[in-house]
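This report walks through one protein chain, from its overall form down to single residues. Please keep the sequence and the 3D view at hand while reading.

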Amino acid sequence: MAEHAPVLIMVAVLLPPRSLDALGLLVEERIVRTPFGNVGPLALRRTGSGQSLWVQPYSGLPTRTDPRATIYAARALGIQRVLTWDTGVAVNHALPRGQTVVAVDVIDATRQQPGTFFKAAGFEALVGLGESVESATFCPDATNALHALFPAAPPAVIVGVDGPRRETAAEARAYRALGADVICPNIAPEVFLARELGICFAAIVTVDAYSRDQVREALEGEVRSGLEHAMAHLPEVAQRLSAPRTCHCAT
Ligand SMILES: [Zn+2]
């Protein structure tokens with residue numbers, strides 16, 4: 001009998017080996033086959049308080065799994081809520097390295113990643129021809145839970161990019177002028193794909209670099225301590241996000 005674990009944490013952050021053990025004991029590892037390729041291994045973990053959750057190391061490199069495969073696999077596992085933890089480049093000059101922010105909106109600047117299921121064979125029925133797709137982004141309830149659990153984390157507008165190329169100074173100024181705070185490689189198009197399949201999506205981002213248009217000193221250890229702080233809260237995040245859904249993301 002498979003365990004019910006309604007939450008997936010996608011860890012797009014480089015961490016020391018074994019640090020994921022803070023998210024609980026490893027119960028099972030699984031590879032999920034999807035029409036868009038295999039996903040995994042995903043790890044099922046159980047926290048000290050008995051909460052089960054799925055954990056997936058995740059990379060924004062161009063060699064990554066098709067984002068559609070990742071989100072399709074989440075649905076196949078019965079996951080209702082996805083939390084992505086990414087690192088990002090601050091274009092907002094007020095954000096220091098090591099600062100964690102809560103994603104509240106997104107500008108999609110990706111070009112290579114398939115950003116919708118609707119063009120995939122077998123998925124046409126999800127939307128009527130000629131209809132535009134609702135551009136709902138982050139789950140309001142899950143995002144509110146993140147605000148409560150990370151009270152020192154400001155709300156942030158994310159720019160989703162393909163990577164691995166870093167932004168130019170001109171792009172950084174342009175993103176900032178558009179209202180963005182942080183550039184991230186692992187949030188778009190995943191956020192849109194999740195919502196197409198009725199999955200809640202929320203994200204936190206830990207700033208690990210300054211954009212090319214800034215000259216700011218990078219201090220030793222500031223990113224590491226920021227990551228440790230965020231990591232320490234993740235078991236509680238998993239517990240909060242496992243509560244029954246009252247949002248409208250599934251419709
Ligand atoms: Zn939701």
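The text below covers the whole chain, then its core, then one helix and one strand residue.

**The whole chain**

The model is predicted. Its secondary structure comes to five helices and nine strands. Read from the N terminus, the elements follow the order β-β-β-β-α-β-β-α-β-α-β-α-β-α. Along the principal axes, the C-alpha atoms fill a box of roughly 55 × 50 × 35 Å. A compact globule of 251 residues would have a radius of gyration near 18 Å, and the protein has 17 Å, so the two agree. Of the 251 residues, 44% count as buried. Contacts between residues at least 6 apart in sequence were also examined, and 83% of them join residues at least 24 apart.

**The core**

In soluble globular proteins, nonpolar side chains tend to be buried together. Here the largest nonpolar core has 74 residues, and I9 and V182 touch the most other members. Strand β9 supplies the largest share of this core, with eight residues. Beyond its neighbours within four places in sequence, V182 has contacts that include G88, V89, A90, V91, A156, I158, V205 and V207.

**Helix α5**

Helix α5 covers residues 222-241. How far apart should its ends be? At 1.5 Å a residue, its 20 residues should span 28 Å, and the end C-alpha atoms are 28 Å apart, so the expected span is met. The helix has a kink of about 40° at L234, shortly before the proline P235. L234 is also one of the buried residues of α5, along with V223, L227, A230, V237, A238, R240 and L241. The elements that cover these buried residues include those in the table.

| Element | Residues |
|---|---|
| β1 | 7-12 |
| β4 | 52-57 |
| β5 | 81-90 |
| β6 | 100-108 |
| α2 | 140-149 |
| β9 | 200-210 |

**Residue V157**

V157 lies in strand β7, which runs over residues 155-160. Why does V157 count as partly exposed? V157 has 18 C-beta neighbours inside 10 Å, and a residue needs 20 or more to be called buried and 12 or fewer to be called exposed, so V157 falls in between. Setting aside residues up to four places away in sequence, V157 touches V104, D105, I107, G179, A180 and D181. A94 is 63 residues from V157 along the chain, and the C-alpha atoms of the two are separated by 14 Å.

How values were computed: Residues are numbered from 1 along each chain as its sequence is written. This is a predicted model: local features need pLDDT of at least 70, side-chain atom pairs count only at pLDDT 80 or more; totals for chains, interfaces and linings use all residues. Helices (H or I, at least four residues) and strands (E, at least two) are DSSP runs, numbered from the N terminus. The expected span of a helix is 1.5 Å times one less than its number of residues. The bend at a residue is the angle between axes fitted to the seven residues ending there and the seven starting there. Two residues are in contact if their C-beta atoms, placed from the backbone, lie within 7 Å. The radius of gyration is taken over C-alpha atoms; the globule rule is 2.2 Å times the number of residues to the power 0.38. A nonpolar core is a set of buried Ala, Val, Leu, Ile, Met, Phe, Trp, Tyr and Cys residues joined through C-beta atoms within 7 Å.
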